[in-house]
Amino acid sequence: MKTISKFGLMIALGGTLFISACTGSYYVTAQPVEPVYERPVVPYAGAVWIDGEWTWSGGSYVYVRGHWDRPRNGRVWVRGNWERGQRGWRWHRGHWG
């Protein structure tokens, strides 16, 4: 039983490390320009607009268009933003805050 528990713990820890490795920070030398597009019509009353996001794919940042979402009780959507640092520009994802 003790061996099974240790084995399960090792698998869980390995999975956590793998997932955290996938969410690294990526830097670019120039901040990409956000594309301009028309926001779709509100699909229902009370919908919250979630701004478009940048995601790392294939060695560069790719823009993912915004969308409407249901509001979260007591929370507001905090828009993602670019941050300039010594290594270049890095995207901070939007989140419910």
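Is W96 buried or exposed? I will come back to that residue in a few minutes, once its setting has been described, and I should say at the outset that everything I show today comes from a predicted model.

Let me begin with the overall layout. The protein chain contains 1 helix and 9 strands, and, reading from the N terminus, the elements follow the order α-β-β-β-β-β-β-β-β-β. Of the 97 residues in the protein chain, 21% are buried. If we take the contacts with a separation of 6 or more, 48% of them join residues that are 24 or more positions apart.

Now to the strands. One open sheet is formed by 3 strands in the order β1-β8-β7, with antiparallel pairing, and its edge strands are β1 and β7, residues 81-85, each of which pairs on one side only. As a general reminder, strands of a sheet pair through backbone hydrogen bonds, either parallel or antiparallel. Here β7 and β8 are antiparallel and share 5 bridges, and they form a hairpin with 2 residues between them. Within that pairing, N81 stands opposite H92 of β8, while G85 has G88 of β8 as its bridge partner. On the other side, β1 and β8 run antiparallel and are joined by 2 bridges, with Y27 standing opposite R90 of β8.

There is also a hairpin of β3 and β4: strand β3, residues 53-57, is joined to β4 by 5 bridges in the antiparallel sense, and S57 stands opposite S60 in β4. This hairpin has 2 residues between the strands, and G58 takes a positive phi near 65° in it.

Let me stay with β8 for a moment, since several threads meet there. Strand β8 is mostly covered, with 4 of its 5 residues buried. What is the relative accessible area of R90? R90 lies in strand β8 and has a relative accessible area of 18%, so it counts as buried, the limit being under 20%. The side chain of R90 makes a polar contact of 2.9 Å with the side chain of S25, and, when neighbours within four places in sequence are left aside, R90 is in contact with S25, Y26, Y27, Y61, N81, W82 and E83.

That brings me to the nonpolar core. Which residues make up the largest nonpolar core? There are 7 in all, namely V28, W54, Y61, Y63, W82, W89 and W91, and β4, residues 60-64, and β8, residues 88-92, each supply at least two of them. In soluble globular proteins, nonpolar side chains tend to be buried together. Looking at one member, W91 touches G52, E53, W54, Y61, G80, N81 and W82, again not counting residues up to four places away in sequence.

The aromatic residues deserve a separate look. The structure holds 9 aromatic pairs, and a pair of aromatic rings is described by the distance of the centres and the angle of the planes. W77 and W96 form an edge-to-face pair, with 5.5 Å from centre to centre and 75° between the planes. This pair links distant parts of the chain, since W77 is in strand β6, residues 77-78, and W96 is in strand β9, residues 95-96, at 19 residues apart. As for the opening question, W96 is buried, because its relative accessible area is 14% and the limit for that label is under 20%. Ring pairs also link Y26, Y37, W54, W56, Y61, Y63, W82 and W91 into a cluster.

Two arginines are placed over tyrosine rings: the charged end of R65 sits over the ring of Y37, 3.9 Å from its centre, and the charged end of R70 sits over the ring of Y44, 4.7 Å from its centre.

Finally, a word on V33, which is placed in the loop between β1, residues 27-28, and β2, residues 48-50. Is V33 buried or exposed? With a relative accessible area of 72%, V33 is exposed, because the threshold for that label is over 50%. V33 and Y63 are 30 residues apart in sequence, and their C-alpha atoms are 9.4 Å apart in space.

Conventions: Residues numbered from 1 in each chain as written. Predicted model: local features only at pLDDT ≥ 70, side-chain atom pairs only at ≥ 80, totals over all residues. Heavy atoms only, no water. Core = buried A, V, L, I, M, F, W, Y, C linked by side-chain atoms within 4.5 Å. Buried < 20%, exposed > 50% of the residue type's maximum accessible area, 1.4 Å probe, protein only. Contact = heavy atoms within 4.5 Å. Phe/Tyr/Trp six-rings, centres within 6.5 Å; stacked < 30°, edge-to-face > 60°. Lys NZ or Arg CZ within 6 Å of the ring centre and 35° of its normal. Pairing = 2+ DSSP bridges. Polar contact = N/O pair within 3.5 Å; in protein donor to acceptor, adjacent residues only side chain to side chain.
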